Amino acid sequence: MNAPERIAKDRLFLADTHEVINVSSELTDTNLYTHDMALVEGVRREGAGWAHDKLTAFGALTGSAEYLELGVQANQNPPELDTHDRFGRRIDRVRFHPAYHTLMRTAIEHGLHSSPWTDPGTGAHVARAAHTYLHTQVEAGHGCPITMTFAAVPSLRTTPALAALWEPKITARTYDPRNVPDAQKAGLTIGMAMTEKQGGSDVRANTTRAFPIGAEGPGQAYELVGHKYFVSAPMCDAFLVLAQTEAGLSCFLLPRWRPDGSKNPMQVLRLKRKMGNVSNASSETELRGALAWMVGEEGRGVRTIIEMVAMTRFDCMVGSTAGQRAALAQALHHCGQRSAFGRVLNQQPLMRNVLADLALETEGALALTLRIARALDHRDDAHEDHLVRLVTAVGKYWICKRTPHHAYEAMECIGGSGVMEDSPFPRLFRESPVNAIWEGSGNVQCLDVLRAMQKTPAVVEAFFAEVGKARGANAALDRHVAGIATMLRDPGDAEYRARDLVDRMALAIQGALLQQHAPTFVADAFCASRLEGAGHRNYGTLPREADCVAIIRRASPTL
Ligand SMILES: Cc1cc2nc3c(=O)[nH]c(=O)nc-3n(C[C@H](O)[C@H](O)[C@H](O)COP(=O)(O)OP(=O)(O)OC[C@H]3O[C@@H](n4cnc5c(N)ncnc54)[C@H](O)[C@@H]3O)c2cc1C
C-alpha cells in the first residue's frame, strides 16, 4: 500500500467512529386495536363486539407509520390566522396544515363526530369511543372540533326546529373545510363559546348580550354583542354560545355566515399561543351584532348547553385514556429493547414495577371510560342514566388529572431521549394537562359530583349498586367502599373534602370494574396498590406480590 492509499484508508477508519447499538426503534406499523388486549376485551364486554372488524381495520390505519406522521406534521405546523385578505377585506380565516385536514376528514368519514346519533343502538357509543381512542393516539388537537360537533347534537335537539335544519349536515360524513356559508356545504362542524375574560367556570358572569331582532324565544333570531375569550376551532361552521337576555343566560346557535351570504360578525382577534394542543386553533373573539338563534328555553342557557358539556366531558375521559395508552406503549416498547447494567430494562425489577404500575393506571382508565360509554348507550335505563350523571364527572376529574404524571413517568422510562423534541413525549406531555382544565376544571368536577348527589340522591344508590357488583371479590375493595359510605354520612365541610371523596369514588369504581372483568393479576395489583398500598404516591410502588411480568405482557403494544 503506498502512502496516499494508507491515508485514505485511515480517514475512512476515523470516520467510522462507532457502531450504534442498544437503542430502541420507532413503534410503527402495529395495529393499535388488536395489540391492545384490554381494549379488545372491553369493546366486546360493553356491547360493541359487532364493531371488531371495523376497529381492526382502523387500528391498522392509525398504527401505520404514514398515518402516525400526520400527527407529527399537524403539530409541527401550527394553524395561522388571517384576519383580512390581501385586499383588506375581513375574512377571519385560519389556515391549517394539510395533515390536520386529513385527520379531520378521516375522523368525520368514520363517524367519530356522529355515529351514535345516526346509528344508535347497543354499543354505538362504545364503538365510537374506541375509534376516538385510537385516533387520539395519533393526534389529540383535531379531536376538539370533532368532539364539539358530536356533543352539540343533544343541546340542539332541545329546539326541534333548529335540529331539523342543522342536524343532517352536522351528522353527515362529509368534511368540507372551505370558508364559505353553510348553505354551500354538505357537512358542517360545530364549536362552543362560553368562556369570557371575567369568568370561565362561572359562566353566570357572562356579559355578552343578546338582542331580539323580532319575536323572542326558542328558535328566534337575536343579535349578540360582547366577546368570547376562548373559542377553539374557530373555523367551525357554527357555535353554541351563551349570552344574556332579559330573562338571564341563554344558549344560541351562531353561524359563521349569515343566511344572506354575508360574514356574521364574530371577529377573530388572535389565536392563543398554547403550550399544548397545538394543532387545534383556539381564538379570542368579539361579537359585533352577530346573528344567532336561541336554543332551548330563554334564561335556561346553562341547562341547555350542559347537554353538550356532558358529552365533551366524556370525551375528555376518552382522550386522556388515549394519551395514557400512547405513552405506555412507547415506554413498554423502549424498555423491551434497551439494556442497562447487563439486563434489558423491562427485566430490571424496579423498572418492571414502574411499567406495570403505568399499565394498571391505563387499564383502570379504559375500563371506566368504556363502562360510561355503555351507560350512554342505555340512558333509558335509570341506573345507567344515573351513572352517566355522576360518574362522568368522577371519571373526567380522575382520569384527566392522573394523565400528566403518567406521561411524565412514561417519558422518564425512555431516559434523556424521551425529553427530545423528536420523541413523541413532548407532545404527549404538553397535551396531558389540557383535558383536566377545559370542560370544567378539577374542582368544578368535584363540586358537580356533590351537586348531583344533593339534587338526585338516586345517583348515590346507583354508584353503590355499581361498585356492589364486585362485593366479596377483594377485601381491600370492600373496606374502601365501606369507607366511602362512612364519608358520605358526614356532610360537614363537604366542599372542602370533595377531592378526597371523588378520588376514592374513582378508585372504587375502577377497582370494582377490574375485579369483575380483568385478569386477577391486574385486578388484585390495582386494588392492593391503590386502595391500601402506596400507589397514590409515585408510580413503581406496587407491592411485592404483584405479577409485573404478566401485567406488562398483557399491555404490550406489539404482542
Ligand atoms: C386549550 C383551551 C381551549 C379552550 N377552548 C374553549 C372553547 O372552545 N370554548 C370555551 O367556552 N372555553 C374554552 N376554553 C376555556 C376553558 O373551558 C376554561 O379555561 C375553563 O372552563 C376554566 O375557566 P377559567 O379559565 O375562566 O378559570 P376560572 O373559572 O377562573 O377557574 C380557575 C380555577 O378555579 C377553580 N374554581 C372555580 N370555581 C371554584 C369553586 N367554586 N371552588 C373551588 N375552585 C374553583 C377552577 O377549577 C380552576 O382551577 C378553553 C381552554 C383551553 C385551555
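This is a short talk on the ligand site and the second largest pocket of a predicted model.

Some ground rules. Residues are numbered from 1 along each chain as its sequence is written, and side-chain values use heavy atoms, without hydrogens or water. Local features need pLDDT of at least 70, side-chain atom pairs count only at pLDDT 80 or more, and totals for chains, interfaces and linings use all residues.

Ligand to begin with. It has 19 residues around it, each with a heavy atom within 4 Å. M194, T195, G200, S201 and S232 are the closest. By class, that shell has nine nonpolar, eight polar and two charged residues; Gly counts as polar here.

Now the polar contacts, meaning pairs of N or O atoms within 3.5 Å. The T195 side chain places an N or O atom 2.7 Å from a ligand nitrogen. A polar backbone atom of G200 is 2.8 Å from a ligand oxygen. In the side chain of N443, an N or O atom is 3.0 Å from a ligand nitrogen. Alone, the ligand exposes 980 Å², and the protein buries 66% of that (Shrake-Rupley, 1.4 Å probe). Elements giving two or more residues to the shell are β3 (190-193), β5 (221-232) and α15 (442-455). These are DSSP runs: helices H or I of at least four residues, strands E of at least two, numbered from the N terminus.

Next, the second largest pocket. How much space lies in it? About 1200 Å³. A pocket is an open set of points on a 1 Å grid over the protein atoms alone, where a 1.4 Å probe fits, with protein on both sides within 12 Å along at least five of seven lines. The volume is the space filled by probe spheres set on the points, which are joined across faces, edges and corners. Its lining has 44 residues, with E26, Q330, D422, S423 and P424 nearest the centre; lining means an atom within 4 Å of a point.

Methods:
A polar contact is a pair of N or O atoms within 3.5 Å; within protein, one must be able to donate a hydrogen and the other to accept it, and residues adjacent in sequence count only if both atoms are side-chain atoms.
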